[in-house]
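Reader: Before I accept the terms used for this structure, I would like each of them set against the criterion behind it. Could you take me through them?

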2 protein chains.
Amino acid sequence: MRWGIAATGAIAAGFATGLAETEGAERAAVASRTTERAQAFADEHGFARAHGSYEALAEDPEVDVVYVASPQNRHCDDTLLFLEAGKHVLCEKPFAMNRAEGERMVAAARDRGLFLMEAMWSRFLPAYVTLRELLAEGRIGEVNLVEADFGFALPVDPTHRLFDPALGGGALLDLGVYPVQLARLALGPPDRVGASGHIGSTGVDEAVAAVLHHPGGTLAVVKAAITMRMTCTARLAGTEGSIELPAMMHCPNSLSVVSPFGERDELVRPIEGQGLRYQVDEVHACIADGRLESDVMPQAETLGILETLDAIRHQIG
Amino acid sequence: MRWGIAATGAIAAGFATGLAETEGAERAAVASRTTERAQAFADEHGFARAHGSYEALAEDPEVDVVYVASPQNRHCDDTLLFLEAGKHVLCEKPFAMNRAEGERMVAAARDRGLFLMEAMWSRFLPAYVTLRELLAEGRIGEVNLVEADFGFALPVDPTHRLFDPALGGGALLDLGVYPVQLARLALGPPDRVGASGHIGSTGVDEAVAAVLHHPGGTLAVVKAAITMRMTCTARLAGTEGSIELPAMMHCPNSLSVVSPFGERDELVRPIEGQGLRYQVDEVHACIADGRLESDVMPQAETLGILETLDAIRHQIG
């Protein structure tokens with residue numbers, strides 16, 4: 001599979017490393033706003049071609065699939081650009097700024113018969129694969145509570161992407177998406193949201209916490225912050241015990257099953273190599289099979305996550 | 001100090017044991033709806049007199065202070081009865097069913113120049129005394145996040161007090177009051193509440209979670225349940241580290257200070273004897289000094305907690 005990467009930031013660099021570790025992944029081309037930056041990235045990460053614009057990457061006939069790693073305020077437009085040029089797309093999370101954008105992206109992919117997936121890499125990691133197996137086999141009975149957070153304390157810096165509202169900064173979109181996807185993985189779509197948060201001096205949500213209520217009465221409590229120290233752990237409680245994900249909950253190397261009597265069974269599931277590579281295998285398999293979306297990270301799931309993020313943002317103003 | 005106890009349930013029995021361990025506490029009288037039950041309790045716990053009604057206890061001239069341990073739907077009426085009879089009152093938590101009841105109780109005590117305190121025993125325990133000292137000295141900087149929960153999984157049983165709406169059952173009032181008081185201890189009064197919960201088949205809140213937002217942007221996330229396994233721990237995160245209370249967060253025997261670099265300093269603060277006894281010393285000291293309320297658990301704090309509980313209940317329906 002011939003990969004293109006749109007953007008040259010830290011996550012793009014990590015993903016390029018992941019591609020280098022993945023069988024069947026050809027590092028075909030990278031694009032940036034300047035040819036110089038694209039060329040430097042291509043040289044460093046072993047890409048064949050460097051493009052000075054996303055349009056040039058879209059027109060590159062020897063690219064099958066593009067990884068969109070631009071700032072999230074650009075995800076919708078960039079994804080549409082590559083889809084319209086006939087490329088499959090893996091789009092970094094958060095998939096879009098809101099559900100309406102996400103729906104346009106999904107519709108465009110379906111119209112053109114192209115593969116499209118949110119790069120929710122966590123779900124493809126060994127610990128998450130085991131987690132899904134444990135949930136499917138009912139190891140902790142019926143899950144009725146999910147608790148997850150992802151937050152750290154940065155100094156407020158208006159020049160930092162996370163503090164810039166124009167770039168889609170804030171805790172919820174960048175970090176909150178991980179606890180929200182975990183809640184959805186275990187409990188499905190919520191039917192009510194109660195949330196509160198703190199909008200800081202630069203106009204982004206610096207901290208947010210939300211209670212998600214689901215049909216049947218199960219709850220998830222999710223938190224995210226860029227100015228508060230959180231544990232970055234997760235816990236799923238069920239009728240027959242609980243499962244704990246240690247920090248960092250979005251890329252753990254183990255998980256523990258805790259019995260109702262407190263007996264703890266730690267399952268070691270190390271990430272080998274660059275964690276971002278696991279999702280690449282899924283993209284390859286789907287495209288090879290002619291599938292337009294992943295069963296592990298379906299488009300409806302992505303749109304549902306965006307809907308929850310929209311609901312939380314609406315409540316915190 | 002000559003103590004009377006109104007009610008003979010489990011918490012009353014624990015309190016009686018606490019009185020027996022407290023210097024200066026005279027176990028004067030106990031009241032129940034039947035003289036037989038009161039006499040059995042008096043015999044078991046060493047009380048001088050047994051009354052077959054709360055009215056008889058209120059009229060007992062050799063009682064200075066009454067501990068009200070009836071079901072919470074009775075707290076307001078029972079407290080008013082004893083206050084009107086000239087007794088000081090220590091009232092079990094939750095202090096009342098709502099803030100309006102609490103205000104009547106506080107007004108009655110002030111009108112009559114009598115001492116009145118919510119039996120928030122946690123605040124008088126060694127670990128909580130240390131917690132307040134750590135917060136006062138700024139050991140973890142400015143606290144910006146409090147996380148606390150108290151919940152366990154009981155089978156749904158309509159005959160159990162906690163599942164009976166007529167007795168003020170549900171998770172929030174009985175258990176949620178502890179996380180809420182801790183949030184308030186560290187962060188003061190909230191200015192916004194976002195909450196959700198599950199109302200079960202018997203009509204009580206079986207699980208509830210709430211996000212409390214405070215002026216300045218600090219957050220507390222509190223949870224309580226009677227049908228879900230929670231960790232029953234608490235964590236206060238600040239600009240210079242965090243403080244963790246192990247299970248059970250309402251009566252811990254230690255607390256830990258965790259540095260921003262993850263260094264953990266465990267401070268062992270064991271409860272000696274019956275934990276309910278610590279608050280008795282405060283009652284004695286206040287009454288001896290002629291103080292009508294406690295600095296550690298002031299009436300405004302109690303009313304504020306009720307206001308928060310009211311707001312959460314309003315949101316969960």
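Author: What follows is a short exchange on burial, strand pairing, cores and cavities in this predicted model.

Reader: What makes β7(A) a mostly covered strand?

Author: A residue is called buried when its relative accessible area is under 20%. In strand β7 of chain A, residues 143-151, 9 of its 9 residues are buried, and the strand is therefore described as mostly covered.

Reader: How do you know that β7(A) pairs with β11(A), and in which sense?

Author: Pairing requires at least two bridges between the strands. β7(A) and β11(A) share 5 bridges in the antiparallel sense, so the criterion is met, and within this pairing A:Val146 stands opposite A:Leu236. β7(A) is also joined to β10(A), residues 219-225, by 7 bridges, and these two strands run parallel; here A:Asp149 stands opposite A:Lys223.

Reader: Which residues of helix α6(A) are buried, and what do they pack against?

Author: The buried residues of α6(A), which spans residues 126-136, are A:Pro126, A:Ala127, A:Tyr128, A:Thr130, A:Leu131 and A:Leu134. They pack against α7, β11, β12, β13, β14 and α8 of chain A. Just after the helix, A:Gly138 takes a positive phi of about 70 degrees.

Reader: Why is the set that includes A:Leu131 and A:Ile5 called a nonpolar core?

Author: The term is used because its members are buried residues of nonpolar types joined through side-chain atoms within 4.5 Å. The largest such core has 107 residues, and A:Leu131 and A:Ile5 are among those with the most contacts inside it; α7(A) gives the most to this core, with 11 residues. Apart from it lies another core, of 106 residues, including B:Val89 and B:Met249. Leaving aside residues up to four places away in sequence, A:Ile5 touches A:Phe15, A:Leu19, A:Val30 and A:Tyr67, among others.

Reader: Why is the largest void called a cavity, and what lines that space?

Author: It is called a cavity because a 1.4 Å probe fits there but cannot get out. The structure holds 3 cavities of 30 Å³ or more, and about 40 Å³ of space lies in the largest. Its lining includes B:Leu172, B:Val180, B:Val208, B:Lys223 and B:Ile312, with the largest share, 4 residues, coming from α7(B).

Reader: How does that lining divide into nonpolar, polar and charged residues?

Author: The lining of the largest cavity divides into 9 nonpolar, 1 polar and 1 charged. Lys counts as charged and Gly as polar, and the lining includes B:Lys223 and B:Gly176.

Technical notes. Residues are numbered from 1 along each chain as its sequence is written. Chains are lettered from A and ligands numbered from 1 in the order in which they are written. This is a predicted model: local features need pLDDT of at least 70, side-chain atom pairs count only at pLDDT 80 or more; totals for chains, interfaces and linings use all residues. Side-chain values use heavy atoms; hydrogens and water are left out. Buried means under 20% relative accessible area, exposed over 50%, partly exposed in between (1.4 Å probe, protein chains only). Contact means heavy atoms within 4.5 Å. On a 1 Å grid over the protein atoms alone, a cavity is a set of points where a 1.4 Å probe fits but cannot get out, and a pocket is an open set with protein on both sides within 12 Å along at least five of seven lines; lining residues have an atom within 4 Å of a point. Grid points are joined across faces, edges and corners, and a volume is the space filled by probe spheres set on the points.
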